[in-house]
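User: I would like to learn how to read the features of a model like this one, step by step. Could you show me the general idea each time, and then the case at hand?

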Amino acid sequence: MVEASTGPTSAGVDLYWLPLGAGGHSVRWNGRIYEAVSAMLERRSASKLYHSALVVHVPPRSFVVEMTPVWNVADCDRGVFAEGAVGTRWAGRWRLFRYEVHCWPNGTIADIAEAVSSPIRLTSDAADCRRLLAELRALPTPVWGRDELRTGEMWNSNSVIAWALERGGLDANAVQPPTGGRAPGWNAGVVVARADDGSFSRPRNVY
């Protein structure tokens with residue numbers, strides 16, 4: 001585990017693309033199986049899958065914004081502000097089947113050394129950084145891996161990052177994963193963030 005930058009001298013939002021399952025063989029192989037099946041059904045070639053995370057620099061601190069399993073990080077002061085269920089809503093009663101979303105002051109990103117084509121500076125505007133962080137409290141927490149909000153795509157870690165960028169005033173659709181890769185769930189976050197007309201319910205779970 002590598003620490004994100006601390007004590008920044010200037011504001012900015014940096015995006016990191018991490019290969020799905022970096023540092024974890026189970027997630028990596030499950031991801032490959034998922035992508036192989038998806039590619040077959042969609043009649044296309046399989047792609048590399050990526051998980052995204054942000055580091056938001058607001059001097060004198062940096063904040064790691066990321067969705068992870070609740071058991072992934074032992075640090076008790078990791079900036080958790082929301083949790084949700086994995087797979088099914090009822091399963092969220094057990095810690096093993098919950099995810100959490102961090103806004104972690106001077107935090108860390110697991111396996112950041114494996115990040116590809118990263119970091120990508122998306123903005124250096126301090127107002128954008130502050131707005132993105134402020135919007136996080138409104139983040140919905142639908143069930144991971146399901147399409148509860150009926151966007152046509154499952155909700156996952158990429159959905160959270162795309163949602164945060166859009167709500168922070170940045171164009172998430174202008175962001176692309178590394179060449180030859182895909183970021184499943186990204187469009188779900190964009191769609192929900194842009195739906196300000198009440199067409200989406202916003203379920204939240206805090207266990």
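User: How many bridges join strand 2 to strand 3, and in which sense do the two run?

Analyst: A word on the source comes before the strands. This is a predicted model, in which local features need pLDDT of at least 70 and side-chain atom pairs count only at pLDDT 80 or more, while totals for chains, interfaces and linings use all residues. Residues are numbered from 1 along each chain as its sequence is written, and side-chain values use heavy atoms, with hydrogens and water left out. Helices (H or I, at least four residues) and strands (E, at least two) are DSSP runs numbered from the N terminus, and two strands pair if DSSP finds at least two bridges between them. Here strand 2 and strand 3 run antiparallel and are joined by 8 bridges, with Tyr50 of strand 3 as the bridge partner of Pro19. Strand 2 also pairs with strand 8 (residues 116-123), again in the antiparallel sense, over 4 bridges, and there Leu15 stands opposite Ile120.

User: Why is strand 2 described as largely enclosed by the rest of the structure?

Analyst: Burial is read from relative accessible area: buried means under 20%, exposed over 50%, and partly exposed in between, using a 1.4 Å probe and protein chains only. In strand 2, 7 of the 8 residues are buried, so the strand is largely enclosed by the rest of the structure.

User: Which residues do the ring pairs link into a cluster?

Analyst: A pair of aromatic rings is described by the distance of the centres and the angle of the planes. Rings of Phe, Tyr and Trp (its six-membered ring) pair if their centres lie within 6.5 Å, and planes under 30 degrees apart count as stacked, over 60 as edge-to-face and the rest as tilted. The structure holds 3 aromatic pairs. Trp17 and Tyr50 have ring centres 6.4 Å apart and planes at 70 degrees, so their pair is edge-to-face; Trp17 lies in strand 2 (residues 12-19) and Tyr50 in strand 3 (residues 48-58), so the pair ties together parts that are 33 residues apart in sequence. Trp17 and Trp186 form a tilted pair, at 5.4 Å centre to centre with 45 degrees between the planes, and this pair links strand 2 with helix 4 (residues 186-194) across 169 residues. Ring pairs thus join Trp17, Tyr50 and Trp186 into a cluster; Trp17 and Tyr50 are buried, and Trp186 is buried too.

User: What do the side chains of His51 and Asn158 make polar contacts with?

Analyst: A polar contact is a pair of N or O atoms within 3.5 Å; within protein, one must be able to donate a hydrogen and the other to accept it, and residues adjacent in sequence count only if both atoms are side-chain atoms. His51, in strand 3, is buried at a relative accessible area of 15%, and its side chain makes a polar contact of 2.7 Å with that of Ser157. Asn158, in helix 3 (residues 157-167), is buried at 2%, and its side chain is joined to that of Ser52 by a polar contact of 2.7 Å. Contact in the wider sense means heavy atoms within 4.5 Å; leaving aside residues up to four places away in sequence, Asn158 touches residues including Trp17, His51 and Trp186.

User: Which element gives the most to the largest nonpolar core?

Analyst: In soluble globular proteins, nonpolar side chains tend to be buried together. A nonpolar core is a set of buried Ala, Val, Leu, Ile, Met, Phe, Trp, Tyr and Cys residues joined through side-chain atoms within 4.5 Å. The largest core has 38 residues, and among those that touch the most other members are Leu54, Val56 and Trp186. Helix 3 gives the most to this core, with 6 residues.

User: Which residue forms a salt bridge with Asp14?

Analyst: Side chains of opposite charge can pair when their charged atoms come close. A salt bridge is a side-chain nitrogen of Lys or Arg within 4 Å of a carboxyl oxygen of Asp or Glu, and by this rule the count comes to 8. Arg121 forms one with Asp14, the closest N and O atoms being 2.5 Å apart; Arg121 lies in strand 8 and Asp14 in strand 2, so the pair ties together parts that are 107 residues apart in sequence. Asp14 is buried, at 7% relative accessible area, whereas Arg121 is partly exposed, at 39%.
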